[in-house]
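Good morning, everyone, and thank you for making the time. I would like to walk through two parts of one model today, so please have the sequence and the structure open as I go.

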Amino acid sequence: MPDVQPLVREFVLKLKRRKVEGSHAVARQTAELLRSVVSQHRMGSTNQAAALADAIRGVGEQLIAANPIELAVGNIVRRVLHIIKEEDISSTAVGIEGLSVTAESDDEYDSENDDHPTLSAAVLAAHARNALRAPSLQTLLEDIPVSTALSRSASSAGDSDGKSGDKSSKSRKLKHDVIAAIGDLIDEIDTCYDQISEQAVEHIHQNEVILTLGRSRTVKEFLYAAKEKKRSFRVFVAEGAPRYQGHVLAKELVEKGVQTTVITDSAVFAMISRVNMVIVGAHAIMANGGVIAPVGMNMVALAAQRHAVPFVVVAGSHKLCPLYPHNPEVLLNELKSPSDLLDFGEFSNCMNFSTQDGTPLLNVVNPTFDYVPPKLVSLFITDTGGHSPSYMYRLIAEYYSADDLVVKRRSTSTSS
């Protein structure tokens, strides 16, 4: 893929330098890049699906390693791998429609006059089991594609005429279908805000008080939609220190005519008793229903639980991650610059003090994210509807059918 590698290196550099941040932007640009990879990939005569999956996997490993905290990258890579698996199964199912089943029979007319290529009942039954079996990333990474197995079976049955043309046509169709499916995935990412916002009137009622923390575009669009439907409500915005993104959200809400009150993060527990519902965004939703969210969110969730206030998370399906928080490859947090907290000019004298072993007396820790366990979440609202935390693993299985990271296969093989 000589034409794609410059694009891959450019995007890897952007991820490493944090030039692209935010799950939505990262997910969309990852999908666009993978669509280019598929478009430029040269399909071989055999193992087309496996070769295409290997190309996607190789690029995906580079992207994930560039910025592991952006879990949306791995989510999109897995989605594309699953698309390839599904399209391969679909094209194979179409291909067997014209094949007849042979069984031991004494009817000579059947064997002499049937012009259609034949497959044994055992071959078709095996293919049916593979097609009906829930696909997993293990089978996606290691299994021989169904189309390859079927073509081998057909060749053993003596059907060898015109195969090169059929393979070429099938390769083009597989490639075209995968590109179209990735295009649908990009459209899904682009329209997630609209799909989620349409549900706002079902959850925000008249004269309610909503609390949120920081600034989430999904939350903003959700509140905008409720306001456009003539809902009258009030919003408490925790400022989201140290970056104070809550100030930006408060200004945006006021411009739309929403009655807004800015509070400090430390005042959340004092104000939560006046709140009817907490609505927040998320960086990622894990397979167990836990949430990786901006720092301070766990404090808000605990306050909501203490006062029996519903804690609602709104997020697009591209943020659904098939990994669990305890997976070693999951990076739950990263540290931002200490300058967000302290002015080095003002505290420069403190930096000179140290203990006997030379370590400084003053240290600054500025984490980016919090982890909110599923027991603190009341409801997830995605572009497919509202779901309880216990249902999230089933929803995630519909998108990925996998619970492993694509880079794990390489690390395992290299270690052995």
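**A buried strand and a helix pair**

Let me begin with strand β3, and please keep in mind throughout that what we are looking at is a predicted model. From β3, Glu208, Ile210 and Thr212 point one way, while Val209, Leu211 and Leu213 point the other way, and all of them are buried. In a regular strand, as a general matter, side chains alternate between the two faces of the sheet. The strand spans residues 208-213 and is mostly covered, with six of its six residues buried.

Turning to its partners, β3 runs parallel to strand β4, residues 233-238, and six bridges join the two; within that pairing, glutamate 208 stands opposite phenylalanine 233. With strand β6, residues 277-280, β3 also runs parallel, here through two bridges, and isoleucine 210 has methionine 277 of β6 as its bridge partner. If you follow the chain from β3 through helix α12, residues 217-228, to β4, you trace a right-handed β-α-β unit.

Now to the helices. Helix α2, residues 23-40, packs against helix α3, residues 48-66, at an angle of about 145°, with the axes 10 Å apart, and the crossing is right-handed. Which residues in α2 meet α3? They are Thr30, Leu33, Leu34, Val37 and Val38, and on the α3 side they meet Leu52, Ala55, Ile56, Val59 and Leu63. Sorted by class, this contact has nine nonpolar residues, one polar residue and no charged residues.

Notes:
Residues numbered from 1 in each chain as written. Predicted model: local features only at pLDDT ≥ 70, side-chain atom pairs only at ≥ 80, totals over all residues. Heavy atoms only, no water. Axes fitted to C-alpha atoms, helices over the stretch in contact; angles between N-to-C directions. Helix = DSSP H or I, 4+ residues; strand = E, 2+ residues; numbered from the N terminus. Left-handed = near helix turned anticlockwise from the far one by under 90°. Contact = heavy atoms within 4.5 Å. Nonpolar A, V, L, I, M, F, W, Y, C, P; charged D, E, K, R; others polar. Buried < 20%, exposed > 50% of the residue type's maximum accessible area, 1.4 Å probe, protein only. Pairing = 2+ DSSP bridges. Right-handed = clockwise from strand over helix to strand, strands pointing away.
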